[in-house]
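Trainee: Can we go through this one together? I'd like to ask about it piece by piece.

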Amino acid sequence: MPGRERGVVSHQNDGAEAPAPFPEMLTVEEAAAFLRVNRKTFYEAVRLGSIPGVVRLGRVIRINKAALIGWVQGNGGPALGEKQ
């Protein structure tokens, strides 16, 4: 048919909302780069429980980006690696 493009699919909005996306998770390397700290310093802070949003799955560690950003914005405590 003239005027119709091939391969174009029309999606109707049935009023249902899309499911909420999963929270963005960072690797230790990504989180350390985000904070501009050494990877070993970040691992030590995770070990000490200083970093919020840490998820451990066996030996895999992931950090919730939203929790990390909120922590950075409200963190008035000692720097990473410093004793409290």
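Trainee: Which residue stands opposite Asn 64 in S3?

Mentor: Keep in mind that this is a predicted model. S1 and S3 pair in the antiparallel sense, over 2 bridges, and Asn 64 has its place in S3. Standing opposite Asn 64 is Met 25.

Trainee: And what is the order of the strands in the sheet?

Mentor: It's an open sheet of 3 strands with antiparallel pairing. S1 (25-26) and S2 are the edge strands, each with a single partner, so one side of each has no neighbour in the sheet. The order is S1-S3-S2.

Trainee: Back to Asn 64: is it buried or exposed?

Mentor: Look at the contacts. Leaving out residues up to four places away in sequence, Asn 64 touches Pro 23, Glu 24, Met 25 and Gly 53. Its relative accessible area is 17%, and the cut-off is under 20%, so Asn 64 counts as buried.

Trainee: Which backbone nitrogen does the side chain of Asn 64 reach?

Mentor: Asn 64 is in strand S3, and its side chain makes a polar contact at 2.9 Å. The backbone nitrogen at the other end belongs to Ala 66.

Trainee: Now the salt bridges. Which residue meets Lys 65 in one, and how many residues apart in sequence are the parts it ties together?

Mentor: A search of the whole structure finds 2 salt bridges. In one of them, the side chains of Glu 24 and Lys 65 meet at 3.8 Å, N to O. Both are partly exposed, Glu 24 with a relative accessible area of 47% and Lys 65 at 26%. Glu 24 lies in the segment before S1 and Lys 65 in helix H3 (residues 65-74), so the partner is Glu 24 and the parts are 41 residues apart.

Trainee: Where do Glu 44 and Arg 47 lie?

Mentor: Their side chains also meet in a salt bridge, at 2.6 Å, N to O. Glu 44 is partly exposed at 31% relative accessibility, while Arg 47 is exposed at 56%. They are 3 residues apart, about one turn, and both lie in helix H2.

Trainee: Why do the buried residues of H2 line one face of the helix, and which residues are they?

Mentor: Look down the axis of H2: the buried residues fall within an arc of 100°, so they line one face. The face turned away from that side carries the exposed Lys 40, Arg 47 and Leu 48. Helix H1 (28-35), strand S2 (54-57) and strand S3 (60-64) are among what covers the buried side. In H2 (39-48), the buried residues are Phe 42, Ala 45 and Val 46.

Trainee: What follows H2?

Mentor: Take the start of the helix before its end. There, a side-chain oxygen of Asn 38 comes to within 2.6 Å of the backbone nitrogen of Lys 40. After H2 comes a residue with a positive phi, near 80°: Gly 49.

Trainee: Last one: how many residues has the largest nonpolar core?

Mentor: Nonpolar side chains tend to be buried together in soluble globular proteins. Here H1, H2 and S3 each supply at least two residues of the core, and its members include Phe 42, Ile 63 and Leu 68. Leu 68 touches Leu 26, Ala 31, Ile 51 and Ile 63, among others. The core's total is 11 residues.

Methods: Residues are numbered from 1 along each chain as its sequence is written. This is a predicted model: local features need pLDDT of at least 70, side-chain atom pairs count only at pLDDT 80 or more; totals for chains, interfaces and linings use all residues. Side-chain values use heavy atoms; hydrogens and water are left out. Buried means under 20% relative accessible area, exposed over 50%, partly exposed in between (1.4 Å probe, protein chains only). Helices (H or I, at least four residues) and strands (E, at least two) are DSSP runs, numbered from the N terminus. The arc is that of the directions from the helix axis to the C-beta atoms. Contact means heavy atoms within 4.5 Å. A polar contact is a pair of N or O atoms within 3.5 Å; within protein, one must be able to donate a hydrogen and the other to accept it, and residues adjacent in sequence count only if both atoms are side-chain atoms. Two strands pair if DSSP finds at least two bridges between them. A nonpolar core is a set of buried Ala, Val, Leu, Ile, Met, Phe, Trp, Tyr and Cys residues joined through side-chain atoms within 4.5 Å. A salt bridge is a side-chain nitrogen of Lys or Arg within 4 Å of a carboxyl oxygen of Asp or Glu.
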